[in-house]
Amino acid sequence: MAEKETFEMARKSCFDLKDQAWHDESFAFAERYRNFLNLSKTERECVASFAKMAVEHSFVEYIPDETKAGAPGYLFIGKEKAVALYRPGKVPATKGMNIVIAHIDSPRLDLKVNPLIEETEIAQLKTHYYGGVRKYHWLSRPLAIHGVVVLNDGSTIELRIGSSKEDPVFVISDLEPHLSYKVQNEKKVTEFYPGEKLNLVAGIIPDSDEEAKNRVKLAVLDILHEKYGMTEEDFVSAELEVVPACIARDVGFDRAILGGYGQDDRLCSFTGIRALLEAETLARGGVAFAVDKEEIGSVGATGAQSAFVLNTLAEILTLEGERDELTLRRAAANTNVISADVGAALHPDWQEVQEKNNAARMGYGLALTKFTGVRGKVGASDASAEFMGRIRRLLNEAGVPWHVAELGKVDEGGGGTVARFLAAHGMNVVDAGPPLMGMHSPMELAAKCDIYATYLAYRAFFERFL
Ligand code: MN
Ligand code: MN
């Protein structure tokens, strides 16, 4: 019997929409993503990974006033913590480009500038958390330290301790339940573990000099000097990030979910950059940005509010011999942007915080978010009906599974992305990324089919969107 035609919006999961071969591809894609995720736990490590991928695709690093047109693609690095890849398209960049922009910073604990202390003959490293951290996620779990230290002689050393099996790890030891009645149990979740107690256990063997003060701290400094040539003052010129020591794992009997740290928003930066690199031909000049500092407001010289974005577009125009401000502004106003960031998946145990008709659903592919913001869309970027219409048509024509999403119930949920900072340049912008469960936790969950749908969506955008 023929099905009766209805005009209701179809909402089908990738499992009902796509065949086994497609799902096999999604599992294979997830393996490439997993490798990247395990190697890239900081912004700098993401930049290094992306630069390597770009070079493998014959991209050249752009040097102002030196690099000439004619290369397959160009790599722009912003102070080691932001990156942009540009590939020329069928129309000149002066007519406007297609941008996928994601962020590569994730919530974490940064070591303080002067972090090493000793209390009760235990050496500790003090931290200052970064971004929307739930402090209890970081207690009594193996942690690694990744980052760079600039020594007094000007040389830079890279540290990566705790992510390999043979490495030691660091731990913020939670208080045992036997002792926590008074100091923790009655407190609010935001207060029960004060930020100043987020200290890593870093050693207990004392220096052999029984007369010395802070003998354990001195002994740790000896180890740092012996292994890395570091002194205590070198912490001042360092960026050392405390990240989960774990690796990304398959989740569930069917292995259809990937769990790991930093998927917000390394998932979108990886899929955006792979899409740009692997697209057959580009409709317009394509730029994949991976920027820093989104979790703390897109600030600084490497965030989406910085000149890095527009400066990169200006340098791209110089490859076509265009150097004036008006041409840049016009190109920007004719540019289309996918603000590539993860959405909050509907949680089976916390359904009450979402409005189900407008919630991202795990397994339903790309989540398209027309607007962000909080309490009356404050601070939102709001995609126009016209732009939503064109994006929706693109996804339908390309056969990419997608659905719509809003971040939580009205007056309850909300948040922002980099979208509004690009919209401010007159660009058409929409938020689109995969649903994520347990966002900002050390074990964020993403369905492999959603990861793949996101990649296919960004790729269709680069290949087809005019
Ligand atoms: Mn994000
Ligand atoms: Mn986030």
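Is Gly-272 buried or exposed, and what is its relative accessible area? Gly-272 is buried, at a relative accessible area of 1%, where buried denotes under 20%, exposed over 50% and partly exposed the range in between (1.4 Å probe, protein chains only). The views below show a predicted model, in which local features need pLDDT of at least 70 and side-chain atom pairs count only at pLDDT 80 or more, while totals for chains, interfaces and linings use all residues. Residues are numbered from 1 along each chain as its sequence is written, chains are lettered from A and ligands numbered from 1 in the order in which they are written, and side-chain values use heavy atoms, with hydrogens and water left out.

**View 1. Surroundings of Gly-272 in helix α6.** Helices (H or I, at least four residues) and strands (E, at least two) are DSSP runs numbered from the N terminus. Beyond residues up to four places away in sequence, Gly-272 touches Val-100, Ala-288, Tyr-458 and Phe-462, contact being heavy atoms within 4.5 Å. The C-alpha atoms of Gly-272 and Ala-360 are separated by 20 Å, the two residues being 88 residues apart along the chain.

**View 2. Coordination of the manganese ion (ligand 1).** His-103 (NE2), Asp-264 (OD) and Asp-341 (OD), the last listed twice, are the protein donors, at 2.1 to 2.4 Å. Donors are N, O and S atoms within 2.8 Å of the metal (3.2 Å for Na, K and Ca); water is not among the atoms, so sites may look incomplete. Along the sequence, the donor residues of this ion have the spacing H-x160-D-x76-D. Asp-264, in helix α6 (residues 263-278), and Asp-341, in the loop between β14 (336-339) and β15 (343-344), link distant parts of the chain, 77 residues apart. Asp-264 is buried at 2% relative accessible area, and Asp-341 also counts as buried, at 11%.

**View 3. Coordination of the manganese ion (ligand 2).** Asp-264 (OD), Glu-295 (OE), again listed twice, and His-440 (NE2) coordinate this ion at 2.1 to 2.6 Å. The donors follow the spacing D-x30-E-x144-H along the chain. Glu-295 lies in the loop between β13 (286-291) and α7 (307-318) and His-440 in the loop between β21 (435-436) and β22 (444-447), so this pair ties together parts that are 145 residues apart in sequence. Both Glu-295 and His-440 are buried. The two manganese ions, ligand 1 and ligand 2, lie 3.5 Å apart and are bridged by Asp-264.

**View 4. The two sides of helix α8 (residues 325-333).** Thr-327, Leu-328, Ala-331 and Ala-332 are the buried residues of α8. They cover an arc of only 135° around the axis, which puts them on the same side of α8; the arc is that of the directions from the helix axis to the C-beta atoms. The face turned away from this buried side carries the exposed residues Arg-329 and Arg-330. The cover over the buried residues of α8 includes α7.

**View 5. Lys-81 and its contacts.** Lys-81 is placed in the loop between β2 (74-78) and β3 (82-87). Lys-81 is buried, with a relative accessible area of 11%. Not counting residues up to four places away in sequence, Lys-81 touches several residues, among them Glu-43, Arg-44, Glu-239, Asp-292 and Lys-293.
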